[in-house]
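Please open the structure in your viewer and keep the selection tool at hand. The tour below proceeds one selection at a time.

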Amino acid sequence: MNKNIILSIEGLSVSYKNKDVLTDINLQIEKGKVYSIIGPNGCGKTTLIRTINRSIKPKKGKIFLNGENIFKMKNKDVAKKIAILNQNNNTMNDVTVKRLVQYGRYAYKNWWETVDGKDSEIVQWAMEKTGVIKLQNRRINTLSGGEMQRVWIAMSVAQKPEILLLDEPTTYLDICNQLEIMDLITKLNKEEEITIVMVLHDINHAVRYSNELIIIDDHQYTQKEIPGLY
Amino acid sequence: MENDISLRDKKGFKITVIAILAMLFFISFILGLTKGTLEVEVKRIFEVISKDDGSPERMVIWNIRLPRMILAALVGINLALSGAILQGVMKNPLADPSIIGISSGAGLFGIIVLVVFPQYIKMVTIAAFMGAMLAASIIYLLSWKGGIKTIRVVLAGVAVSSLFAAGISGILVFYSDRVHGALNFMNGSLSSRSWPEVWTILPYTIIGFVLANIFADKLNILILGDDVARGIGLNVEATRFGFTALAAFLAASAVSVVGLLGFVGLIVPHSIRLVIGNDYRYMFPATALFGSVLLMLSDTFARTVLSPMEIPVGIVMAVLGVPFFLFLLRRE
Amino acid sequence: MKKVKFYKRILLPLVVIMLIFSVSGCTKTTETGGLSNTQDLPITVEGNNYPLKIKDFLKKETILEKKPEKVAVLSGTPLNIWYDLGGKSICTSNITDNLKLISEYKKEINDLPQIGPVYSIDMESVVSLKPDLIIAQAGTQGTQADKLRDIGFKVITTNIRSYDDVIATYNAFGKILGNEKSAEAKIEALKNKKEEIVSKLPKDNKSVVILYITAKTIAVKLDNSIAGDVAKILKLDNIASDLPPDTIGSETTPLDVEYIVKKNPDYVLVTSMISDDEEAKKTMEEEFKSNPVWKGVKAVQEGRVIYLPQQYFLYNAGPYYSEAIEYMAKSIYPEIYGEVTHQDGK
């Protein structure tokens, strides 16, 4: 009965570019579980993720993180709890992998502080966890698709979040990389107890790797539990 | 394979580039001081700077050339930094201060004073500065809609700049007998600038350079992408606004003292990026140095090539811009 | 998207540059046509009686069958000379304080219908007055002159900058008005005054620089400007004499202040765009005081600065040209010619 709700979405309605994309969504995300959001294209999956990330302001409704309204929280405070892997990452930047993962520590530093010993440890740990430690001195625009996804996840891991949002983490990868990423996500959930909320286009992956499915279709949504995950 | 770093990434490389630029800075500075209608030897330069011996060299160096070279360096720094910031904030490698209306704003208000009220010539600097900031503010407000999207800034910029440019043309038609004086301002020139102009721009350069470098990492994170930056905890709107304002002040202070000098804000940061990459912790100092070097050399050239006549340095920059654009065209 | 940005980056600056050049091109005309050569007269009239053939400054020929009755003179200096020789005009460009009109005709001229400022006349007004002859200024009204010619009017363009130009114009207008005697007398008077002044010149020539300061840019007037011409008549050495103009036919050129320091002229003569002479002097004095670059120019530091009034040196004084010569002579050699008295009747 006492579910540990980490993220509570209440009465959320979002319009994007003058269209009503989400209407009156209510979701309770439990700590430690893996959730997959699936649905046809354009149904609002990405919009939901981006609203949780506060890139979009909802028309109506609230989102609570551990009981606090995330739209009233400071950016850095939210970032210490929620990390995100976005769908399209075209960046002008060409820093090294290590530097990018270091940026994940931004939320924990004041502007006059630089990366210290503890941060470096966490950065190393994040890179090991995601298997990119060997790439640490490579420029990020020389990496392959699969490698880049791992690096972004490494950066998110360095934030030491409680929730990891992923928007179509495997869509542009080949099958081998897809499975590797899914395994990594699962590992992070199990070993670091990170709650996962991800948008997937592949229903098979969704069923295989999640505790619960959130199906969004034509302004309707359903939440369905999947018994017996691994 | 583990240390598969390209040359550009080695920290040592970037530092070397900066060191080379610093050397070029001193060389161009001293070079500029030696050249002119009065050729002065390097040794003599140090002598007359340290002591007022009443010689003609002292007269010329201290009152004319020294402040002029310093001004060239400062303006170069300001415009280059401004361009570097805007290219990051607007995510457009071909952005420069004119995109936020600095040139048209400074131009309109400067021309109004110059041509319509020439007896208030002392007010040109202030008027140009206010005009620049006004244009930038209008553009920013117009493009605000719950946040700033780059495309809206561009569109607003084009609209406002066109309007102001029409204003400038209109004034020049009405006062066509006075256009002559306006042309130097429209092109950008260091002619007869001296210590007063240096003191006007110096605080902006110092504060701008310091702030830019302190917060360089915020800009690095911003250019990872808005969503990513937000996810890491950056206040995207505040960072964008802060940097844009900084860029506006840097550029406005520069064009208000030398006129509408273009191309520096575009060529310099873009070139530096090709060599040193996007990391603003290195980009800013490198860009600042290169900007000042370019401007010092260009102004020295503008003064000496047709001596004793002076070409406005803005024209030299425009001419340099052409091969630069052709080079970009080849690379596309 | 990148390509579009790229074209905007090329087209926009190109267009702006072209704009600047085209604007400068059509307005350079205020100062065009200083003295071209001393051989080429700006205006000549063939024939001693009507019909007369007139060759004007822009080398166009106009044939007048008989003396024109309704004449439109579109700018100040030729208007002055025209009235001085007994001619009348049916209109005038806007009269500014800086034009010294012949006192005899001042009221009459001020009562004439005005057709707009010199550099922007209202063509329709001119056309509706149906003049037999139009006299326009080559510099600012060249294109209008062509258009009026196309419509069918007889148009003469003048360019009066130097002393020789003034003489040539008196000669030409004298013939057109059939008043050669008067013209000769006036010319004689001008010549005599000039020679009287020149004869008293001391042996040593002083050197000068004629500044035209606009907005912190230093340009200097060349020999083909009014001030330059007067300086030449007074045998003053213009340090900018052998410098090329900034565009074809211009009478100014930009100058590095270091050159002025190096040449160290005895006097600095100052002209500017500011129409009120008092304001101009105040503004210039402020500039000389506050800008350190002038510290190296001895003439400025020692007060040997002369502010040239616009009515003599920006606008050609026509009938009063000898007064312009006198003004400069008095300013430089007060011990010979006496002190400058300030003109009234502004």
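Select chain A and consider its interior: of its 230 residues, 43% are buried. Please keep in mind throughout that this is a predicted model.

With chain A still selected, switch to a cartoon display. Seven helices and 10 strands make up its secondary structure. Next, reduce the display to the C-alpha trace and turn it about its principal axes, along which chain A spans about 45 × 40 × 40 Å. Why may chain A be described as a compact globule? A compact globule of 230 residues would have a radius of gyration near 17 Å, and chain A has 17 Å, so the two agree.

Now consider how distant parts of the sequence meet in chain A. Among contacts with a separation of 6 or more, 68% join residues 24 or more positions apart.

Move on to chain C and colour residues 32-196 as domain 1 and residues 200-337 as domain 2, following the domain assignment. The centres of these two domains of chain C, taken over C-alpha atoms, are 28 Å apart. Where the domains of chain C meet, 23 residues of domain 1 are in contact with 22 residues of domain 2.

Finally, select the side of domain 1 of chain C that touches domain 2 of chain C. Which helices should be highlighted there? In chain C, α2 (76-84), α6 (163-177) and α7 (180-199) each supply at least two residues of this side. The largest share, five residues, comes from α2(C). Coloured by class, this side of domain 1 of chain C shows eight nonpolar, nine polar and six charged residues.

Terms used. Residues are numbered from 1 along each chain as its sequence is written. Chains are lettered from A and ligands numbered from 1 in the order in which they are written. This is a predicted model: local features need pLDDT of at least 70, side-chain atom pairs count only at pLDDT 80 or more; totals for chains, interfaces and linings use all residues. Helices (H or I, at least four residues) and strands (E, at least two) are DSSP runs, numbered from the N terminus. The radius of gyration is taken over C-alpha atoms; the globule rule is 2.2 Å times the number of residues to the power 0.38. A residue is buried if 20 or more other C-beta atoms lie within 10 Å of its own, exposed if 12 or fewer, and partly exposed in between; C-beta atoms are placed from the backbone. Two residues are in contact if their C-beta atoms, placed from the backbone, lie within 7 Å. Domain bounds come from an automatic or database domain assignment. Ala, Val, Leu, Ile, Met, Phe, Trp, Tyr, Cys and Pro count as nonpolar, Asp, Glu, Lys and Arg as charged, and the others, Gly among them, as polar.
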